[in-house]
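User: Please go through the salt bridges of the structure below with me, one question at a time.

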Amino acid sequence: RTGDALLPKSELVRVNETLRRQNQELRLQAMQAAEISRENDRLRQLVGWQKQSPWKVKLARVLSRDPANWWRTIQIDLGSRDGLRENLAVLTMDGLIGRVSVVSLTRSQVILIGDPNCKVPAVVKNQSNDTGIIAGSGPFDGSFVKFTCFANSANLKPGQPVVTSELSAIYLPGIPIGTVADAHPAESGLYTKADVKLAARLNSLEEVWVMLP
């Protein structure tokens, strides 16, 4: 009777293989469910932010990034048929990330803040409203940009907010950019330089907002 109750080795191998496949399928389903839940939470946040936004914006999904130019451009799934044109500001819920640079019918290229070709007139929210230009220079890691202030007596201090200024012909005023990390006079003494920590996380862009005219 004991012998009859034992399964042949080949049958045990088959059963184990079946259980192994089922376990893998369950793990994949759990991962998929977790990702769907994360995406739903993110979309709810995006919808809530849009309702509170003072600007007219349209949500776009990031399609791709060039590994050779990771910090310079992204491709999004909106184009001219969606009302996009060059030089529209692009942002996340946290702050500015760049501007539309190339537009086709169904997709567009966005040049990211920190690229040397993406200069942004900005103002520091302090008592003197120090103004200057945000621009990239040298190696860029997606976290900090350079701010050149036109006054040598600027009152820049760490933690002060930096936003787009009214002097820009592209960006509406008041879009968050980041905060002052440190500041020091230029070698010539004619202006002040500062490092600004970006508010937006450029290394993890999945959806972005295009600011419509």
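User: Which residue forms a salt bridge with Glu 17 at 3.6 Å between the closest N and O atoms?
Analyst: The model is a predicted one, in which local features need pLDDT of at least 70 and side-chain atom pairs count only at pLDDT 80 or more, while totals for chains, interfaces and linings use all residues. Residues are numbered from 1 along each chain as its sequence is written, and side-chain values use heavy atoms, without hydrogens and water. A salt bridge here is a side-chain nitrogen of Lys or Arg within 4 Å of a carboxyl oxygen of Asp or Glu. With its closest N and O atoms 3.6 Å apart, the partner of Glu 17 is Arg 21.

User: How far apart are the closest N and O atoms of Glu 17 and Arg 20?
Analyst: Both residues belong to helix α2 (residues 9-52), where they are 3 residues apart, about one turn of the helix; helices are DSSP runs of H or I with at least four residues, and strands are runs of E with at least two, numbered from the N terminus. Glu 17 forms a salt bridge with Arg 20, and the closest N and O atoms are separated by 2.5 Å.

User: Is Arg 201, the salt-bridge partner of Asp 94, buried or exposed?
Analyst: Buried means under 20% relative accessible area, exposed over 50%, and partly exposed in between (1.4 Å probe, protein chains only). Asp 94, at 36%, is partly exposed. Because its relative accessible area is 53%, Arg 201 is exposed.
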